[in-house]
Amino acid sequence: MDAMFGYIVMDPVYYLYALPGLLIGIYAQIRLSSTYSRYIRTRTESGITGAQAARMLLDQAGLTDVPVNSVPGHLTDHYDPSKKALFLSEENYHNPTIAAVGVAAHEAGHALQHKAAYAPLHIRMALVPLTQFATKASFFMFFGGIVLGFSKMILLAVVIYAILAAFQLITLPVEYDASRRAKEQLLSSGIVSRTEAPAVSSVLNAAGLTYVAAMVISVLTLLYYLSYLRGNSRD
């Protein structure tokens, strides 16, 4: 039992799988932090705040019933499809800056996806209950299977982690499409000028890279678990 657990912890192959995702994740966080920090201080020419930008874009799309609320925390911005409500962190809600309107427009883009019945968004919504369970259960089930020696439990844990990887994969097109919608709507509405558009793209691309990192980490970790399961089944 101890030998099996130690195999996972000390197995150099695990770190070969884990290291690329870890490095991409670190780079993505550094890039997001530096880009956001720069443009949260860069005022928009229009003087429109994140909250005002989100409200304008929602109203233009006929989503006048979708509220825009302020929530505490750093980069806690999100659209909740179950409540049909948009939530912006306080700094993005109140600030008339490139980063604030970029993030706000991105979240409004999710509301536009919801209205348009954008298929990847609905697939992600359907996966949410499964991922909530999988997030809590995958670690304990996988290592519980190793310690207890139950190959079926290990297999079930792999299936659970596959759900997490699938969620990250479907998240990519959802997030990048929301950013595409945000850039288009910000320009067409005049909230940002064409000279400001590259800065908005920098903010949204930096945020998008964090989702790429999460996807890479999930897929590589799943591949390692599968390789461990195959190796264990041959023993």
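**Notebook: salt bridges and helix H3**

I began with Arg 55, which has 24% relative accessibility and so counts as partly exposed. A reminder to myself: this is a predicted model.

**Entry on Arg 55.** Which residue does Arg 55 form a salt bridge with? I found Asp 59 as the partner, and the closest N and O atoms of the pair are 3.0 Å apart. Next I looked up where the two sit. Both Arg 55 and Asp 59 belong to helix H3, which covers residues 50–60. Four residues separate them, about one turn of the helix. I also checked the partner's surroundings: Asp 59 has a relative accessible area of 35%, so Asp 59 is partly exposed too.

**Entry on the rest of H3.** I stayed with this helix and asked which residues in H3 are buried. My list reads Gly 50, Ala 51, Ala 53, Ala 54, Leu 57 and Leu 58. These residues are on the same side of H3, because they cover an arc of only 165° around the axis. Just beyond, I noted that Gly 62 follows H3 and that its phi is positive, near 80°.

**Entry on the count.** How many salt bridges does the model hold? The count comes to five. I kept a general thought beside that number: side chains of opposite charge can pair when their charged atoms come close.

**Entry on Glu 175.** I then turned to Glu 175, which forms a salt bridge with Arg 124, with 2.8 Å between the closest N and O atoms. This pair links distant parts of the chain, its two residues being 51 residues apart. Glu 175 is in helix H7 (residues 151–189), while Arg 124 is in helix H6 (residues 119–148). Are these two buried or exposed? Glu 175 is buried, since its relative accessible area of 5% is under the 20% cut-off. Arg 124, with a relative accessible area of 15%, is buried as well.

**Entry on Asp 177.** My last stop was also in H7. Asp 177 forms a salt bridge with Arg 181, and here the closest N and O atoms are 2.5 Å apart. I checked the accessibility of each partner: Asp 177 is at 9% and counts as buried, and Arg 181 is at 17% and counts as buried. The two lie four residues apart in helix H7, about one turn of the helix. Which residues do shared partners join into one network here? I wrote down Asp 177, Arg 180, Arg 181 and Glu 184, joined by salt bridges that share partners.

Definitions and conventions:
Residues numbered from 1 in each chain as written. Predicted model: local features only at pLDDT ≥ 70, side-chain atom pairs only at ≥ 80, totals over all residues. Heavy atoms only, no water. Salt bridge = Lys/Arg side-chain N within 4 Å of Asp/Glu carboxyl O. Buried < 20%, exposed > 50% of the residue type's maximum accessible area, 1.4 Å probe, protein only. Arc of directions from axis to C-beta.
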